[in-house]
Amino acid sequence: MCGIVGYVGDRPCRDLLIAGLEKLEYRGYDSAGVSVITDGEIDSVRAVGNLANLREAIDEHGGDGGDGGVAVAAPPATIGVAHTRWATHGRVTEENAHPHGDCADKIHIVLTGIVENHAELRKELEAEGHTFSSETDAEIVSHLIERHYKDDLAAAVRGAFAELRGHYAFVAMHLDQRDTLVAARKECPLIVGLGSDENFVASAIPAFLAETRRVLMVENGEIVTITPDGAEITDADGNPISREEDEVTWDEDAAEKGGYPTFMKKEIHEQADAVAETITDRLSGLDSVDLSGVDLDDEFLRTADRLMIVACGTSYHAGLVGRYAIEQWARVPVGIDIASEYRYRDPVSRPNDLVIGITQSGETADTLAAMRLAGEGGSKVLAITNIMGSQATRDADAVLFTRAGLEIGVAATKTFTSQVAAMYLLALRLAELRGTMPPERIAELIAAIKGLPSKIDETLAKVDKRAAAIARTHKDQRFFLYLGRHIGLPICLEGALKLKEISYIPADAYAAGEMKHGPIALLDEDTPVVCVATDSPVLDKVLSNVEEVRARGADVIAVATEGSDRVAEVADQTLFVPRTDWMLQPILAILPLQLLAYYIARENGLNVDQPRNLAKTVTVE
Ligand code: F6R
């Protein structure tokens with residue numbers, strides 16, 4: 001989740017750009033950089049680590065001269081671009097930090113998102129004589145613009161844009177056009193901030209909100225040329241598009257939350273992006289999964305005897321979904337345990353086992369201890385984490401990063417769906433290496449996984465109001481029971497956990513087949529039962545459990561696959577999610593349950609971002 005900011009106007013811009021980056025820090029980053037056009041050259045400084053490191057690097061580079069120019073001798077620079085990088089392609093190094101330049105160092109770009117066809121384009125450009133100085137996908141863009149540049153930056157950006165695949169937004173500047181920034185949007189957000197004799201462009205409004213509240217929203221597939229006098233939007237062919245400006249009415253606090261009332265709501269709505277970032281470059285082929293960034297030997301994956309997952313809380317639930325996928329697709333036995341249980345039960349871990357520690361923070365003490373214990377037993381340890389440089393990344397033999405961006409709300413939402421997506425990738429890679437699924441089925445699943453980000457957005461748009469309405473009628477309930485089978489069960493566990501932790505309402509989640517072994521005694525007219533009844537080979541069984549529940553007068557709230565009228569007929573309220581491959585339904589089915597918990601807590605006036613007694617990371621044993 002990189003952050004980008006650009007400025008063109010009449011003020012010294014370096015500090016404005018860095019102030020903009022500070023407002024994007026919440027997205028998480030591992031390096032940063034800034035480029036400005038000074039007298040006759042582009043002056044660029046990049047640094048690994050936080051913005052303090054970038055400031056230090058700027059001082060070492062030549063100080064600020066108090067004028068906003070990067071070098072002491074330079075006149076004040078009034079045009080520039082800046083970036084916070086969250087590494088995806090290429091390690092965390094100064095060379096890989098943005099901005100990136102072309103061969104002549106006349107074009108600099110900053111990019112957020114992922115260029116999917118970077119490998120082919122790099123080959124082509126290298127064959128034409130372009131030389132690259134980083135391992136990133138982003139650097140392709142500056143060289144592509146160079147390839148198309150005659151004397152019009154906007155035309156060159158359009159030329160480059162036509163050749164790029166992926167989801168990204170970028171801003172470019174050219175030394176010979178010192179009053180022009182050109183930015184392009186493919187999926188990833190891009191917003192222009194309109195000032196007087198100056199304009200901004202950024203990946204999020206907080207980057208310039210201290211300077212202006214007048215904005216132009218750039219839509220998907222559009223290119224915008226920004227000068228001190230204004231901003232002109234065109235489509236990808238250069239046809240002008242007129243756009244009304246908007247006024248941002250949020251205060252600083254709301255701005256940080258992207259206009260959402262809480263971080264949790266914002267993060268729920270960031271899930272399409274988080275999943276896209278996690279999967280896109282790893283699924284850039286049509287029929288195979290690329291886990292080359294993960295330090296795991298193919299031969300080991302092909303021959304490992306057993307997998308063991310250790311995790312806590314929400315991460316444990318993601319592991320449960322992963323187990324179904326791995327066992328079904330790759331036919332490897334998978335054990336799973338709560339990390340705080342595993343570490344104290346004298347577990348058997350063997351050299352030919354792969355132990356997977358799932359921890360979004362990478363700092364959860366029990367998960368780290370379980371991973372270490374497994375490593376001491378000789379197993380290979382893979383960490384699935386969201387945080388670069390976290391302890392889990394240092395302890396593990398290999399790391400598979402989720403790329404959800406920083407999660408501020410204590411209740412995990414976007415990190416959960418990203419973890420599930422990462423587990424799908426691992427399961428598919430294992431299936432591929434072990435030859436346990438026909439290539440056509442793998443290709444089908446890859447296509448379905450690629451479609452998940454847009455289905456996530458579709459689901460949220462469809463279920464939001466309905467979840468809010470159900471929450472209003474159920475906010476005073478004293479207890480909720482969640483029931484599901486197979487992949488629906490971890491979603492029930494996760495839905496119940498969300499409700500408990502943010503609304504403080506007792507909830508239990510059960511395997512539906514276990515009902516008759518005791519919990520059915522809990523049911524009466526006052527017990528709402530949340531059922532995950534998405535399409536699957538066990539749907540009939542789930543439906544007969546729903547009938548049992550209804551027979552006791554309980555109110556049934558079901559999550560079902562669109563078009564599944566059978567569920568709607570037996571449930572009192574149904575939250576429909578779009579159809580996808582049934583094994584992938586968990587990633588959609590959790591969304592209405594996150595929203596339901598969210599709205600129940602909000603109806604009760606609770607602080608969903610910081611629930612009582614809970615911290616984001618549990619680092620003490
Ligand atoms: C629940 C939640 C926790 C975490 C758990 C593990 O919303 O956030 O249950 O999932 O504390 O944390 P990580 O994944 O950082 O190890």
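Q: Which residues does Ala272 touch, leaving aside residues up to four places away in sequence?

A: Let's start there, keeping in mind that this is a predicted model. Ala272 touches Pro453, Ile456 and Asp457, once residues up to four places away in sequence are left out. Ala272 itself sits in helix α8. The chain brings distant stretches together here: Ala272 and Glu458 are 186 residues apart along the chain, and their C-alpha atoms are separated by 9.5 Å.

Q: Is Ala272 buried or exposed?

A: Ala272 counts as buried, because its relative accessibility is 6% and the cut-off for buried is under 20%.

Q: How do I look for empty space in a structure, and how much of it lies in the largest pocket?

A: The general idea is that rolling a probe the size of a water molecule over the atoms shows where empty space is left. In this model, the largest pocket holds about 1200 Å³ of space. Its lining is made up of 47 residues, and those nearest its centre are Arg185, Glu187, Cys188, Pro189 and Asp273.

Q: Which element gives the most to the lining of the largest pocket?

A: That is α8, with 5 residues. Elements that each supply at least two residues of this lining include β7 (166–174), β8 (181–186), α7 (263–269) and α16 (452–474).

Q: How many cavities of 30 Å³ or more are there?

A: The count comes to 3. The largest cavity has about 90 Å³ of space. It is lined by 13 residues, with Cys2, Trp86, Thr88, Gly113 and Asp137 closest to its centre.

Q: Cys2 is a cysteine, so how many disulfides does the whole structure have?

A: The search finds 0 disulfides. To read this, check the distance between sulfur atoms, since a disulfide needs a pair of cysteine sulfurs within 2.5 Å. For Cys2, the closest cysteine sulfur is in Cys188 at 8.9 Å, which is too far for a bond. Cys531 gives another example: its sulfur is 6.9 Å from the closest cysteine sulfur, in Cys492, and that is also too far for a bond. Both cysteines are tucked away from the surface by the accessibility rule: Cys2 is buried with a relative accessible area of 7%, and Cys531 is buried with 1%.

Q: Which residues does Thr112 touch, not counting residues up to four places away in sequence?

A: Thr112 touches Cys2, Ile4, His167, Tyr168, Ala169, Cys188 and Ser203. Thr112 lies in strand β6 (residues 107–115), and it is buried, with a relative accessible area of 3%. A polar atom of the Thr112 side chain also lies 3.4 Å from the backbone oxygen of Cys2.

Q: What can I learn from the buried residues of a helix?

A: A helix has a repeating pattern: an α-helix has 3.6 residues a turn, so residues three or four places apart point the same way. In helix α1 (residues 14–23), the residues Arg14, Leu16, Leu17, Ile18, Gly20 and Leu21 are buried. The elements covering them include β1 (3–8), β2 (31–37), α2 (51–62) and β4.

Q: How many residues of α14 are buried?

A: In α14, 19 of the 21 residues are buried, so this helix is largely enclosed by the rest of the structure. You can check its length too: at 1.5 Å a residue, helix α14 (residues 414–434) should span 30 Å, and its end C-alpha atoms are 30 Å apart, which agrees. Just after α14, Gly435 takes a positive phi of about 65°.

Q: Which residue has a positive phi of about 70° although it is not a glycine?

A: The background is that most residues other than glycine have a negative phi, and most peptide bonds are trans. Glu187 is the residue you asked about, with its positive phi of about 70°. Glu187 is in the loop between β8 and β9 (191–194), and it counts as partly exposed at 44% relative accessibility. Tyr504 also has a positive phi, near 60°. Its place is the loop between α17 (488–503) and β22 (507–511), and Tyr504 is partly exposed, with a relative accessible area of 25%.

Q: Which residues does a cis peptide bond join?

A: A cis peptide bond joins His98 and Pro99, with omega about -5°. Pro99 is found in the loop between β4 (79–85) and β5 (100–101).

Notes
Residues are numbered from 1 along each chain as its sequence is written. This is a predicted model: local features need pLDDT of at least 70, side-chain atom pairs count only at pLDDT 80 or more; totals for chains, interfaces and linings use all residues. Side-chain values use heavy atoms; hydrogens and water are left out. Helices (H or I, at least four residues) and strands (E, at least two) are DSSP runs, numbered from the N terminus. Buried means under 20% relative accessible area, exposed over 50%, partly exposed in between (1.4 Å probe, protein chains only). A polar contact is a pair of N or O atoms within 3.5 Å; within protein, one must be able to donate a hydrogen and the other to accept it, and residues adjacent in sequence count only if both atoms are side-chain atoms. Contact means heavy atoms within 4.5 Å. The expected span of a helix is 1.5 Å times one less than its number of residues. On a 1 Å grid over the protein atoms alone, a cavity is a set of points where a 1.4 Å probe fits but cannot get out, and a pocket is an open set with protein on both sides within 12 Å along at least five of seven lines; lining residues have an atom within 4 Å of a point. Grid points are joined across faces, edges and corners, and a volume is the space filled by probe spheres set on the points.
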